[in-house]
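Please open the model in your viewer and keep the sequence panel beside it, since this tour moves from one selection to the next. At each stop, make the selection first and then read what is there.

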Amino acid sequence: MNEQANTTIAFVGLGNMGSPMASNLLKAGFAVRVYDRVPALIEALRQEGAVGCSSLRDTVESANIVVTMLPAGEHVKAVILGTESDEGVLELISDDTFLIDCSTIDPDTARAVASVASEKGIEFVDAPVSGGVAGATAGTLTFIVGGTDSGFSKATAILSHMGKNVFHAGKAGDGQMAKICNNLLLGSVMAATCEALNLGVDNDLNPEVLSNIMLQSSGRNWVLELYNPCPGVLEHAPASHQYTPGFMCKLMSKDLGLGLDAAKLSNLQCPWER
Ligand code: NAD
């Protein structure tokens with residue numbers, strides 16, 4: 001039997017990113033158990049061949065690997081460490097289970113979770129992603145891993161089925177730090193690209209023509225290439241599908257906040273305000 005058939009992956013968080021990522025693990029031949037707070041999301045994955053679970057315990061208890069794809073640090077803490085009322089993943093798994101968190105969260109929470117897991121003899125890596133819903137669907141995401149060398153190597157074996165680049169940023173939390181730096185830049189580029197296109201359209205320029213001009217000029221960037229904010233310019237961009245599904249403003253706002261918090265902790269001045 002191949003490695004995939006012997007590996008059960010529990011996937012927790014089946015939102016815009018988690019659903020297509022879990023779907024690619026199924027296509028790769030892994031046994032996948034899935035869980036989300038929203039039952040309809042579980043049902044959609046069940047129809048693709050996943051085992052739909054109705055509790056966190058049922059999802060993770062028999063898994064070799066647990067992947068989480070949740071909105072923010074508080075959700076990752078609650079799911080992995082547990083709360084006053086609910087058991088967390090660490091209480092429900094054996095110590096040979098490996099944890100990969102793909103959510104974008106603050107580095108301190110990632111380090112704290114890695115440390116509690118390590119005290120229990122469980123390996124945890126942070127592995128936030130870049131590439132958006134299109135990259136998650138196509139299996140071309142970039143993963144940015146923070147953790148030990150052995151954690152990076154174990155994570156790569158799984159993440160390579162959902163993405164085409166897997167980087168080792170450094171120790172626990174460093175994946176999140178690198179991702180936050182990237183999104184601070186992305187947020188700025190997105191806002192500036194919107195302003196430039198808006199100025200052109202307001203002065204009767206065709207947004208597709210203007211985009212092509214800027215793509216061959218010094219304003220070229222990832223947003224113009226893959227995520228053009230004007231409807232109809234790029235077929236696969238969220239703007240051409242009533243702006244869904246995509247990277248929600250509240251998640252970008254969270255990431256920019258993470259960047260500002262990190263800058264403050266580094267005593268650096270960042271020219272943005274909340
Ligand atoms: P989302 O809000 O669409 O999905 C999050 C899912 O987590 C939801 O379905 C929610 O029901 C589930 N959830 C929350 N708490 C839970 C709990 N306690 N138990 C089980 N399920 C729970 O978010 P998304 O767009 O999929 O993004 C997920 C993460 O990936 C975020 O940290 C985001 O910043 C990051 N990210 C998103 C994109 C993007 O383009 N959407 C790109 C890169 C990174």
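Begin by selecting Lys 179 together with Thr 104, Pro 128, Val 129, Ser 130 and Ile 144, because these five are the residues that Lys 179 contacts once its neighbours within four places in sequence are left aside, where contact means heavy atoms within 4.5 Å. Before going further, note that this is a predicted model, in which local features need pLDDT of at least 70 and side-chain atom pairs count only at pLDDT 80 or more, while totals for chains, interfaces and linings use all residues. Residues are numbered from 1 along each chain as its sequence is written, and side-chain values use heavy atoms, with hydrogens and water left out.Lys 179 is the residue covered by the "active site" annotation of an unreviewed UniProt entry; UniProt positions are given in the numbering used here, feature names are shortened, and annotations may be inferred rather than shown by experiment. With 7% relative accessibility, Lys 179 counts as buried, a word that stands for under 20% relative accessible area, with exposed meaning over 50% and partly exposed in between (1.4 Å probe, protein chains only).

Now widen the selection to helix 9, residues 174–202, where Lys 179 is found; helices (H or I, at least four residues) and strands (E, at least two) are DSSP runs, numbered from the N terminus. Gln 176 is also found in helix 9, and at 0% relative accessibility Gln 176 counts as buried. Show its side chain, and look for a polar atom 3.0 Å from the backbone nitrogen of Ile 105, bearing in mind that a polar contact is a pair of N or O atoms within 3.5 Å, and that within protein one must be able to donate a hydrogen and the other to accept it, while residues adjacent in sequence count only if both atoms are side-chain atoms. Not counting residues up to four places away in sequence, Gln 176 touches several others, among them Asp 101, Ser 103, Thr 104 and Asp 126.

Next, select the ligand and the 26 residues around it, of which Asn 16, Met 17, Asp 36, Pro 71 and Lys 254 come nearest; a residue is near a molecule or strand if one of its heavy atoms lies within 4 Å of it. An oxygen atom of the ligand is 2.9 Å from a polar backbone atom of Asn 16, and a backbone N or O atom of Pro 71 lies 2.8 Å from an oxygen atom of the ligand. Thr 104, which you met as a contact of Lys 179, has a polar backbone atom 3.0 Å from an oxygen atom of the ligand.

Move on to strand 1, residues 8–12, where 5 of the 5 residues are buried, so the strand is largely enclosed by the rest of the structure. In a regular strand the side chains alternate between the two faces of the sheet. Here Thr 8, Ala 10 and Val 12 point one way, while Ile 9 and Phe 11 point the other way.

Which strands pair with strand 1? Strand 2, residues 31–35, runs parallel to strand 1 and is joined to it by 5 bridges, and strand 4, residues 65–68, also pairs with strand 1 in the parallel sense, over 4 bridges; two strands pair if DSSP finds at least two bridges between them. Click on Ile 9, and you can find its bridge partner Val 32 in strand 2 and Ile 65 opposite it in strand 4.

For the last stop, select residues 173–271, which the unreviewed UniProt entry annotates as "domain: 3-hydroxyisobutyrate dehydrogenase-like NAD-binding". This span is 61% helix and 0% strand, and its end C-alpha atoms lie 24 Å apart. Inside helix 11, residues 222–226, pick out Val 223, which is buried with a relative accessible area of 2%. Leaving aside neighbours within four places in sequence, Val 223 is in contact with Leu 186, Val 189, Met 190, Thr 193, Asn 228 and Pro 229.
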